[in-house]
Amino acid sequence: MEIRVPEVSIGSCGLNMPVIGMGTASYPPADAETIKSAVLEAIKAGYRHFDTAFVYGSEQPLGEAIAEALNIGLIKSRDELFITSKLWCSFADQDLVIPAIKMSLENLQLDYLDLYLIHWPLKFSKEVSRVPIPKEDVFPLDVKSVWSAMEECQHLGLTKAIGVSNFSSKRLEEILSFAKIPPAVDQVEMNPLWQQRELKEFCKAKGIHVTAHSPLGSKGTIWGNSRILDCDVLKEIAEARGKTTAQISLRWVYEQGASVITKSFNKERMKENLEILDWSLSMEELNKISCLPQRKVP
């Protein structure tokens, strides 16, 4: 049975965004057919918000899945979906922003995005092709000129809303000092072991919506770990509630007022990740989670 996901209003334009989205980043990268069939399964399960980025290599298969979903009648119109993509650091230059969003739209076979984010507050030289990125290829972001081009993307109707990803309060403050259109969203890593308390309060005060990526800590990637799923406190709460540890973490994020990007290409886990809406954590459980040791940010 399809689950209906509630929506939250973002940005000054009052755009409605489903509070649970499906992420399409995977490491090592999944093949196009795997991504396409996972997106179709996700639409059947009730997902309407899909998160991609140029650097994930998932824009094209996501676009193919959307075209097929329309073709077979899973959805009646593209307007039923909320699609987020991101400006990669190699294109973080005023003159490259509009060509970059147009390239993403072409990959996705779409006329517009719902949300376009600056992926990181950095600029890379155009030839970056390896990880970790060599220091000589990393430059400071000229955020004022890049943000001006992001605003132009919205004015041109290429995206309905604009925002940022992995930006600190200090960097948001900088954008807010000159932005004609303030960021609608800051998408950051947020989970019970990295609770982002200061950023959360800052964004709330400034009317910027927080979206949580890596709510389970990105297990299975070179940058993530399994600390969330191995956390004894979360495991105990999950056992007592008859839930999975992942569901406890996702529910916690949701109760912080953030939307959440989950990522699983497994049909059963996709459904489990949506089953966090009709129950809540007790005050005692929330207190236990708020006392968890927090990840140290370098």
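**Exercise 1. The cavity.** Work out which residues line the largest cavity in this predicted model, and how they divide by class.

*Solution.* Start with the count: with a cut-off of 30 Å³ or more, there is 1 cavity. Its volume comes to about 40 Å³. Now go round the wall: you'll meet Gly11, Ser12, Cys13, Gln154, Ala161, Ile162, Ile181, Pro182 and Ala184. Sort them by class and you get 6 nonpolar and 3 polar residues, with no charged ones.

**Exercise 2. The barrel.** Trace the strand order of the closed barrel, then find what packs on the sheet around E6 and E9.

*Solution.* Follow the 8 strands round: E3-E4-E5-E6-E9-E10-E11-E12, with parallel pairing. From one strand to the next, the twist averages 30°. Next, zoom in on one pair: E6 (residues 113-118) lies parallel to E9 (residues 159-165), and 5 bridges join them. Here Leu113 sits opposite Thr159 of E9. Finally, look for the helix: H3 (residues 97-108) packs on the sheet and touches E5 (82-87), E6 and E9. The direction of H3 makes about 135° with that of E6.

**Exercise 3. The second largest pocket.** Find the residues closest to the centre of the second largest pocket and the strand that gives the most to its lining.

*Solution.* First, the volume of this pocket: about 320 Å³. Of its 16 lining residues, Glu7, Pro18, Arg48, Glu80 and Leu81 are the closest to the centre. Then check the elements: strand E2 (residues 15-18) gives the most, with 3 residues. Last, tally the lining by class: 8 charged, 6 nonpolar and 2 polar.

Note on methods: Residues are numbered from 1 along each chain as its sequence is written. This is a predicted model: local features need pLDDT of at least 70, side-chain atom pairs count only at pLDDT 80 or more; totals for chains, interfaces and linings use all residues. Side-chain values use heavy atoms; hydrogens and water are left out. On a 1 Å grid over the protein atoms alone, a cavity is a set of points where a 1.4 Å probe fits but cannot get out, and a pocket is an open set with protein on both sides within 12 Å along at least five of seven lines; lining residues have an atom within 4 Å of a point. Grid points are joined across faces, edges and corners, and a volume is the space filled by probe spheres set on the points. Helices (H or I, at least four residues) and strands (E, at least two) are DSSP runs, numbered from the N terminus. Ala, Val, Leu, Ile, Met, Phe, Trp, Tyr, Cys and Pro count as nonpolar, Asp, Glu, Lys and Arg as charged, and the others, Gly among them, as polar. Two strands pair if DSSP finds at least two bridges between them. Axes are lines fitted to C-alpha atoms, for helices over the stretch in contact, and angles run from 0 to 180 degrees between N-to-C directions. Contact means heavy atoms within 4.5 Å.
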